[in-house]
Amino acid sequence: MKSALDASHLHQFFHKLFTHLDRVSLSAPSGEILYSKGLSSIDHFTLPQAGSVANQFFNLGHGDLAITNDPYSGSAELWSPTLIMGLQLKTSSKASRTRSVHQSFLLSYRKTLMPFVSAKDNIDSEGLRIPPTPLGQISKPQTETIDAITSHPQAPKQLRSAIEDGLAELEKVSQTLPLLLKIWEVDLTKGTTKPYLKASEDSLKELIADLTSEEKKFSLEIEPGEVIRLKLSVKNDRVLFDFLGTTAGSRIFQTLPVTHGACAEALIKVLNAKQVPVNSGTLSCIEVLAPKGCLVNADYPKPSNLTHLDGYYIFCDFLLKSLQQMTRRVQYASSGTSRCAISLQFSCGQIFYDSVPPGSGGTKEASGANGESLWWKRSGSPSIESIEKKFPLMYEASTLRGNSYGSGLNPGGLGVAKSIRLLEPATVYWNNLKIEKKPEGADGGKAALNGEILVVHPSGEKVKLIDQGEMRLEKNTLINLLGPGGGGFSSDPKV
Amino acid sequence: MGISLSPTYFEAAVVKEGDKSKALLSPPEISKRILFPHAHLGPALKDWIGEFKDSVEISKVYIGPHDPAPQINSFFSSLSDQQNSSHAAFLTTLGFESWLEVNHHLSKLHTLLERDLVFGVSERTNARGEVTVEPSDEDIDFLISKLNLNGIKYVAIGFLHSDLNPSNELRLKEKLTAQGFKVWISSEINETSIASQITKDEKERFLQTFLAAQSSFLIQDSVKKLEEHFPSIEFIQVHRPFYARGMRILKNQCLLYAGVDGLYLISSDRASSIELSPKLWAPIEKNFFSTLEFSTSQSNFDSGPMSFGRSTQVTPFDLLYALKLLGDVPGVNDKIHERSLPRIQDVLRAEAKPLGINDDELSKLLLGQLQASWLTELIHNNVGNEVLVAGPLSSAIFKLLKSSLSPLKLKRVENWNDLSSLTVLESD
C-alpha cells in the first residue's frame with residue numbers, strides 16, 4: 001500500500017504544481033510522461049510529444065526554449081502554439097540516500113488562441129505552421145526569432161502576447177519547482193517516478209479488468225468513402241484499439257498522438273474513473289494500431305482545421321459508443337458533435353471567431369449538461385459587451401436552444417444558440433461535416449437536434465451553410481449559430 | 001455591527017464608529033466579535049449585546065453572506081430549501097435569458113436560479129451607449145403581471161451595456177419599485193456592493209446583481225426576526241463578503257483570513273478573495289489510487305465538520321481539532337460537540353486500516369498534504385513579501401504554515417477578536 005500512498009502524494013504534487021496552467025505536461029527526454037493535463041484529450045499525448053520532437057532536434061538543456069504549433073511535429077491545433085523548456089533538476093532520493101544527480105525534464109506549455117475557420121487542401125495554406133524552432137534561453141529569449149515568427153503575414157495577431165505570457169509562466173514554474181519539491185518532500189528520481197507510473201498503471205488495469213474480453217468490431221462512415229473501422233479487444237488488462245481497414249481521410253486528418261489521446265479519454269469516461277492521472281503508466285494500458293496515412297494517422301501536409309473543430313468530437317463520440325459495448329459500468333447517449341464554428345473577416349482587416357457549445361448526452365445516472373461538451377473543458381464564453389465594443393457586430397441572442405435536446409428519462413443537454421447581426425459587410429468562412437445523423441439517444445431515449453448555421457440576408461432570404469466555403473455578406477445580415485443538443489437516455493415513462 | 005452569514009455560523013463584530021481606517025493594524029478602541037449558530041441568532045445576539053450595552057450603542061447592523069462564492073454556498077441552498085415561496089427573479093435583455101446559466105454553471109445549482117424566473121425584456125443599448133430599444137409600457141405591465149403571478153417580490157435587472165447607459169435599467173426599476181418590488185440593477189451594483197474593485201463585464205455584473213437580490217430574498221426572514229428583537233436598530237443588507245473591507249493591506253502584503261469555514265486570501269489588487277483548496281470543510285474521499293485525500297471539487301456540498309455534529313467524513317477543520325492544533329478560539333471551542341473527538345478518531349482508524357497504516361500516520365499524512373497544498377497556492381498567487389494571518393483560526397493556520405520550509409514571511413495578527421475585520425463602517 002505504501003506505493004499507492006507515495007503515488008497519490010506525487011500525483012497531488014503534480015496537480016498542485018500545475019493548478020494554474022490549463023495545458024501543460026512534464027516528461028523525460030526519453031519520452032516518459034510524468035504528468036499531462038489539457039483542455040481536451042488532444043493534449044494528453046501531443047504536449048509531451050511536441051516536447052520530445054523539439055528535444056530530438058535541439059537537445060534542450062536547462063532553460064533552453066523551443067516553440068512549435070505543427071501537428072506533424074507533435075503539436076495540436078495550428079492556432080495553439082506550444083512552448084517547450086528544458087529543465088535540469090538536482091535530485092537526490094531520500095530513501096536510498098544516493099548522491100544527488102542532475103536529471104533532465106521537458107516542460108511543454110500550450111497557449112490557446114482564436115481559431116480561424118478555413119477549408120484548405122493543405123496545412124500550409126491554413127495558417128502559419130511553426131516547425132520546432134529554438135527560442136534561446138528563458139533568461140534571454142531570442143527576440144529576433146520571436147519578431148520573425150510574429151511578423152509573418154499568416155501569424156495570428158495575438159501570437160506575440162501569447163508567447164510572452166507563456167514564457168513568463170515557464171519562468172515561474174522553473175523558479176518555484178525546486179522550492180515546491182522541498183515543501184512536498186518529493187523527488188523526481190527514477191526511484192520515485194517508476195513506482196508512481198507502475199501504481200498508476202496497476203490502478204487503471206484494475207478497472208479495465210471489468211471490460212469484456214470479447215473482441216468487438218465497429219465502423220463509422222463520416223462522409224461517403226471516409227470510414228473508420230475499429231476492432232476493440234482486451235488482452236492482459238490492456239485495451240487494444242485496432243484501426244486496420246480505416247480509409248484515408250477526405251476531410252478528416254487526425255495525427256496519431258491525437259488519436260491516442262482520444263482513445264485514452266474515451267476509456268477513462270467509460271470506466272467512470274475519477275481523477276485519473278495522465279502519465280506513461282496509465283497510457284501504457286492503451287495500445288493503438290493505425291496504418292500510416294489513414295484518417296486517424298494522417299501525414300503531412302494534410303489540412304488539420306476541420307479535425308480540430310468537429311472531426312475530433314465525432315471521433316470521440318464514436319469511441320465512447322464503441323467502448324460502451326464492452327461494459328455496463330457507464331452508459332452515455334450521444335453528445336452534440338458540431339461546434340457550428342465560423343470566422344468573419346471585416347473590410348478593416350479585423351477577424352472574429354465564434355462557435356456554440358453543444359449539449360451533452362444523458363446518462364444512466366443523470367441528465368446531460370446544457371452547453372457543455374463532454375470532450376472539451378469549457379473556459380466560459382467571452383463577454384458580449386467586450387466583443388461588441390471591439391467588432392462591428394451586435395448579438396441579438398445568446399441563449400440555450402430550446403428543444404434541441406433529446407427527450408428521455410434523463411434528457412440530453414441543450415445546445416447554445418447565438419444570433420449575430422453584422423453592422424458592417426464581412427466575409428464569413430465555415431467548415432462543417434455533412435453529418436445527417438442526429439445525436440442519438442440511448443436505451444430508448446430520443447435523438448437531439450443537429451447543429452446548424454443559418455444566414456438571413458437583409459432581403460429576408462435564408463441560406464443554410466453546409467459543408468465548407470466562404471461568402472460575402474452585406475451589412476445587417478443575421479447569422480444564426482444553432483448548437484446541437486445531447487441525446488436522451490432511456491425512454492421517459494411519462495411520454 | 002456587522003453580521004456575516006456562513007453555512008453554520010453567524011459571525012458578528014462591533015466596531016466603534018469613526019475607527020474605519022484603523023481596522024487591522026491599529027485595533028479600534030471598542031471592538032468585539034462572537035460566533036454562534038444561526039438557529040439562535042436573535043436571542044444569542046441579544047444576550048451578547050446585553051454584555052456591553054451600557055458602554056456601546058448599536059446604531060446600524062450590516063448583514064450579508066460570508067462566502068466569497070455564494071453561488072456555491074451551501075448556506076444559501078439550505079435556506080432556499082426552507083423557503084416555501086419563490087426565488088428572486090432575473091430580468092435581462094431579450095435573447096440572453098440563459099447567459100447567466102451558461103456562463104456560471106448555475107444549471108447545476110437550480111436551488112439558486114430558477115430558469116422559469118428569468119424573463120427577457122425587449123430593450124437594447126448598443127456598444128456606444130445609445131439606447132436602440134426602450135422597454136415599452138405594455139411590456140412592463142405584462143412583466144409585472146408575470147412577476148405577481150409567480151409571487152415574486154425580489155427582482156434583479158441586468159441589461160447589456162447598462163454600464164455605459166443605465167437609462168433602461170433605471171426606467172424599469174422605477175416602475176417596479178412603484179409597484180412594491182425590491183429591485184437591484186446591474187448598473188448600480190458596483191455602488192451598492194461592498195466590493196473592493198469594480199466588476200468589469202456583464203457576466204460578473206449580472207451574477208452579482210442576481211446574487212444580491214437572491215441573498216436578500218433568502219435572508220429576509222432572519223432580518224425580520226432581528227428587526228423584531230431590535231426595533232430601534234437599522235438593518236442594512238449587503239451582498240459581498242466584507243470581512244476584509246477596510247483592513248489596511250499594503251502593496252506587498254496579502255491577508256490570509258483563517259475563518260471557521262475557509263481560508264481566504266485577500267490582496268489589494270484583486271477584485272475578490274481566493275479560497276484556498278482544499279476547503280476547511282472539504283470531506284476526505286478515496287482517490288484514483290484508492291488512498292485518501294481531501295476533496296478539491298468545487299461543487300461538493302459541504303455538510304460541515306464532524307466536530308460540529310455534522311457529516312460523517314473528516315474535514316481539515318476536524319483534523320486540526322483532533323490533532324489539538326485548533327487552540328483556544330473564543331466562540332468556537334464551546335460549539336464543538338463533546339463526543340465528536342472519538343467519532344473523528346474512529347473514522348480515521350477505519351479509513352487508515354485498509355491502507356496498512358494507523359490513524360496517527362493517516363492524520364500526519366493528511367496534515368502534510370494540507371500544509372503543502374495551502375503553501376503551494378500561496379506561492380502560486382504571488383502573495384508578495386508578507387502574509388498577514390488573521391481570523392479565528394489564525395493561531396492554528398499560522399503554526400501549520402510557519403513550521404514548514406515556507407519561504408513566505410508570515411506574520412500573525414495577534415488578538416484577532418480585538419480587530420474589526422468587519423469594518424462595515426467604511427461603506428458609509
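Let's start at the beginning of chain A. Strand β1(A) is joined by 4 bridges to strand β2, residues 33-37 of chain A, and the two run antiparallel. Keep in mind that this is a predicted model.

Look at the register. Val24(A) stands opposite Lys37(A) in β2(A). The hairpin of β1(A) and β2(A) has 5 residues between the strands. One of the residues in this hairpin, Gly31(A), takes a positive phi near 105°.

β1(A) has another partner to show you. With strand β5, residues 101-110 of chain A, β1(A) pairs over 4 bridges in the antiparallel sense. Here the bridge partner of Val24(A) is Tyr109(A).

Now the side chains. In a regular strand, they alternate between the two faces of the sheet. In β1, residues 24-27 of chain A, Val24(A) and Leu26(A) point one way. Ser25(A) and Ser27(A) point the other way. Are these residues buried or exposed? All are buried, the serines included.

Next, a sheet further along chain A. It is open, with 4 strands in the order β13-β12-β16-β19 (chain A). The pairing is antiparallel. Which strands stand at the edges? They are β13(A), residues 351-354, and β19(A), residues 468-473. Each has a single partner strand, so one side of each is left without a neighbour in the sheet. Neighbouring strands of this sheet are turned by 20° against each other on average, ignoring direction.

Zoom in on one edge. Strand β16, residues 426-431 of chain A, is joined to β19(A) by 6 bridges, and these strands run antiparallel. Trp430(A) has Gly469(A) as its bridge partner in β19(A).

Over to chain B. There we have an open sheet of 5 strands, ordered β14-β13-β12-β17-β18 (chain B). This one has mixed pairing. At its edges are β14(B), residues 274-275, and β18(B), residues 409-412, each pairing on one side only. Strand β17, residues 386-390 of chain B, runs parallel to β18(B), with 4 bridges joining them. In that pair, Val389(B) stands opposite Arg412(B).

A helix goes with this sheet. Helix α11, residues 394-402 of chain B, lies across β12, β13, β17 and β18 of chain B. Against β18(B), the helix runs at about 160°.

Now the aromatics. Over all chains, the count is 19 aromatic pairs. Take Phe13(A) and Phe14(A): 5.5 Å centre to centre, 50° between the planes, a tilted pair. Both Phe13(A) and Phe14(A) are buried.

Here is a pair that crosses between chains. Tyr196(A) and Phe289(B) have ring centres 6.4 Å apart and planes at 40°, so this pair is tilted. Where do the two rings come from? Tyr196(A) sits in helix α6, residues 190-208 of chain A. Phe289(B) sits in the loop between β15 and β16 of chain B. Both Tyr196(A) and Phe289(B) are buried.

The two pairs belong to one aromatic cluster, which includes Phe13(A), Phe14(A), Tyr196(A) and Phe289(B). Its other members are Phe18(A), Tyr35(A), Trp184(A) and Phe288(B).

Last, charges over rings. In chain A, Arg339(A) lies over the face of Trp376(A), 4.9 Å from the ring centre. In chain B, Lys153(B) lies over the face of Phe181(B), at 5.0 Å from the ring centre.

Terms used:
Residues numbered from 1 in each chain as written. Chains lettered and ligands numbered in written order. Predicted model: local features only at pLDDT ≥ 70, side-chain atom pairs only at ≥ 80, totals over all residues. Heavy atoms only, no water. Pairing = 2+ DSSP bridges. Axes fitted to C-alpha atoms, helices over the stretch in contact; angles between N-to-C directions. Contact = heavy atoms within 4.5 Å. Phe/Tyr/Trp six-rings, centres within 6.5 Å; stacked < 30°, edge-to-face > 60°. Buried < 20%, exposed > 50% of the residue type's maximum accessible area, 1.4 Å probe, protein only. Lys NZ or Arg CZ within 6 Å of the ring centre and 35° of its normal.
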